[in-house]
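Visitor: Please take one part of this protein and look at it closely. I would like the aromatic side chains and their surroundings, set against the whole fold.

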Amino acid sequence: MTFWEFLDRRFANMTAEGIAGAGIFALTGVILWIVTHYPSLRQDDLFKVIAQAIIVQGLVGLCMARWFTKKGQ
C-alpha cells in the first residue's frame, strides 16, 4: 500500500461533521498559537473579540449543532 492509497482510504471514511470538527479544532489551535507567539495581540481589542468568537462560539456552536441534529437518530 502506498501513502496515497492510505490517504484515500482515510478520506473515504470521513463525514462532513468530522471535517467541520477538524477544521474548528485546527482553527482554534492556530488562534491559540498566535496568542502565545505574538503577545502584543493580547492587548488588541479586535483580536480578542475575534479570538473569542472563533474559540468559544465555534466550539460550543459545533457541539450544540451536533447534539441537536443527531438527537433524533
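Guide: What follows goes from the overall fold to the aromatic pairs and then to two single residues. The model is a predicted one. The protein has three helices and zero strands, and along the sequence these give the pattern α-α-α. Its radius of gyration is 17 Å, whereas a compact globule of 73 residues would have one near 11 Å. Along the principal axes, the C-alpha atoms fill a box of roughly 50 × 40 × 10 Å. Just 7% of the 73 residues count as buried. The accessible surface comes to about 6,100 Å², and carbon and sulfur atoms account for 69% of that area.

Now to the aromatic side chains. There are two aromatic pairs. Phenylalanine 3 and tryptophan 4 form an edge-to-face pair, because their ring planes stand at 70°, over the 60 degrees required; the ring centres are 5.3 Å apart. In tryptophan 33 and tyrosine 38 the ring centres lie 6.3 Å apart and the planes meet at 80°, so this pair is edge-to-face as well.

The surroundings of each pair can be taken in turn. Phenylalanine 3 and tryptophan 4 are both exposed. For tryptophan 4 the relative accessible area is 63%, which is over the 50% cut-off and therefore counts as exposed. Tryptophan 4 sits in helix H1, which spans residues 3–12. Phe3 and Trp4 also belong, with Met1 and Phe6, to a nonpolar surface patch of about 540 Å². As for the other pair, tryptophan 33 has a relative accessibility of 45% and so counts as partly exposed. Tyrosine 38 is likewise partly exposed, at 45% relative accessibility.

A residue of helix H2 gives a view of the interior. Threonine 28 lies in this helix, which covers residues 16–37. Threonine 28 counts as buried because its relative accessibility is 9%, under the limit of 20%. Leaving aside residues up to four places away in sequence, threonine 28 touches Ile55 and Leu59.

Helix H3 runs over residues 45–70 and includes glycine 61. With a relative accessibility of 33%, glycine 61 falls between the two cut-offs and so counts as partly exposed. From glycine 61 to alanine 26 the C-alpha distance is 15 Å, with their positions 35 residues apart in sequence.

Technical notes: Residues numbered from 1 in each chain as written. Heavy atoms only, no water. Helix = DSSP H or I, 4+ residues; strand = E, 2+ residues; numbered from the N terminus. Buried < 20%, exposed > 50% of the residue type's maximum accessible area, 1.4 Å probe, protein only. Phe/Tyr/Trp six-rings, centres within 6.5 Å; stacked < 30°, edge-to-face > 60°. Contact = heavy atoms within 4.5 Å. Patch = residues over 30% accessible without salt bridge, like charges linked within 9 Å, V, L, I, M, F, W, Y side chains within 5 Å. Areas by Shrake-Rupley, 256 points an atom, 1.4 Å probe, with all protein chains shown as cover. Salt bridge = Lys/Arg side-chain N within 4 Å of Asp/Glu carboxyl O. Rg over C-alpha atoms; globule rule 2.2 N^0.38 Å.
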